[in-house]
Amino acid sequence: MYQLILFGPPGVGKGTQAELIAAKLNLFHLSTGEVLRKAVSEGTELGKKAKVIMDSGALVPDDIMIGIVKDALKNNDKTNGFILDGFPRTIAQAEALNILFEELDYQNVRVLNLTADDAELIARLLKRGRSDDTEETIKHRLEVYYKSTAPVKGVYDNLNCVTDVNGLGSKEEINKKILEILE
Ligand code: ADP
């Protein structure tokens with residue numbers, strides 16, 4: 001059973017790669033960003049709260065995000081496993097996830113750490129042009145990434161389960177590299 005976390009800065013291609021891997025290996029793809037965007041488009045209470053935060057480039061509070069992921073993983077019925085994309089993004093989220101993994105007896109967690117430099121990330125995000133891809137929001141999201149999210153990798157380094165993957169190249173090339181790592 002695949003127990004995967006796709007890690008890396010905004011714009012590095014987590015969403016694209018998670019989708020390809022999930023399709024190929026028949027996994028449950030959980031993108032916390034997508035869950036939030038769906039809530040925004042449906043105009044739910046969560047969506048109303050999340051929109052303001054997302055448009056500023058900040059993080060939605062940990063308790064909300066942890067609740068979403070717990071629910072989703074507990075109800076996942078894809079027996080081949082799952083791939084998380086966009087979670088965990090803080091040390092508190094990673095710690096909550098470790099506890100959940102223990103509860104569910106998931107002991108084979110692997111983290112794929114996608115990398116790219118800031119100039120590349122900024123160029124890609126500007127090209128993508130989502131509503132939270134303005135120059136100012138991108139700058140803030142990168143700051144938040146380096147301050148709050150990058151340290152999360154250390155949690156998994158300590159568990160010896162991280163593999164770095166260079167995020168520069170075509171999506172097919174990167175996908176091939178990831179599938180080779182997972183073989
Ligand atoms: P990207 O791939 O560009 O990083 P995402 O779709 O993963 O974008 O996330 C978009 C926004 O949703 C984030 O900037 C943040 O505001 C919110 N978000 C997504 N996942 C989380 C999370 N795990 N914790 C807090 N906020 C989150």
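Biologist: In this predicted model, which residue of β5 does Leu112 stand opposite?

Modeller: Leu112 stands opposite Thr163 in β5. The two strands concerned, β4 (residues 109-115) and β5, run parallel and are joined by five bridges.

Biologist: In what order do the strands of the sheet follow one another, and how are they paired?

Modeller: The sheet is open and is formed by five strands in the order β2-β3-β1-β4-β5, with parallel pairing. The strands β2 and β5 (162-166) stand at the edges with a single partner strand each, so one side of each is left without a neighbour in the sheet. If direction is ignored, neighbouring strands are turned against each other by 20° on average.

Biologist: Which strands does helix α5 lie across?

Modeller: Helix α5 (residues 91-103) lies across β1 (2-7), β3 (81-85) and β4, and its direction is at about 175° to that of β3.

Biologist: At what angle do helices α2 and α3 pack, and which residues meet there?

Modeller: Helix α2 (residues 32-42) and helix α3 (residues 45-56) pack at an angle of about 115°, their axes being 7 Å apart, and the crossing is left-handed. On the α2 side the contact is made by Gly33, Leu36, Arg37, Ala39 and Val40, which meet Leu46, Gly47, Ala50, Lys51 and Met54 in α3. By class, the residues of this contact divide into six nonpolar, two polar and two charged.

Biologist: How should I read the empty space, and what is the volume of the largest pocket?

Modeller: The general idea is that rolling a probe the size of a water molecule over the atoms shows where empty space is left. Here the largest pocket has a volume of about 790 Å³, and of the 36 residues that line this pocket, the closest to its centre are Arg37, Arg89, Arg128, Arg130 and Arg141. The lining of the largest pocket has 12 nonpolar, 12 polar and 12 charged residues.

Biologist: Which element gives the most to the lining of that pocket?

Modeller: Helix α2 gives the most, with five residues, while α1 (14-25), β2 (28-31), α2, α6 (118-128) and α7 (135-149) each supply at least two residues of the lining.

Biologist: How many cavities of 30 Å³ or more are there, and which residues line the largest cavity?

Modeller: The count comes to one cavity of 30 Å³ or more, and the volume of the largest cavity is about 80 Å³. Its lining includes Leu6, Phe7, Pro10, Arg89 and Tyr145, with β1 and α7 each supplying at least two residues. The lining residues of this cavity divide into six nonpolar, three polar and two charged.

Conventions: Residues numbered from 1 in each chain as written. Predicted model: local features only at pLDDT ≥ 70, side-chain atom pairs only at ≥ 80, totals over all residues. Heavy atoms only, no water. Axes fitted to C-alpha atoms, helices over the stretch in contact; angles between N-to-C directions. Helix = DSSP H or I, 4+ residues; strand = E, 2+ residues; numbered from the N terminus. Left-handed = near helix turned anticlockwise from the far one by under 90°. Contact = heavy atoms within 4.5 Å. Nonpolar A, V, L, I, M, F, W, Y, C, P; charged D, E, K, R; others polar. 1 Å grid on protein atoms, 1.4 Å probe; cavity = no way out; pocket = protein on both sides within 12 Å on 5 of 7 lines; lining within 4 Å. Points joined across faces, edges and corners; volume = space filled by probe spheres on them. Pairing = 2+ DSSP bridges.
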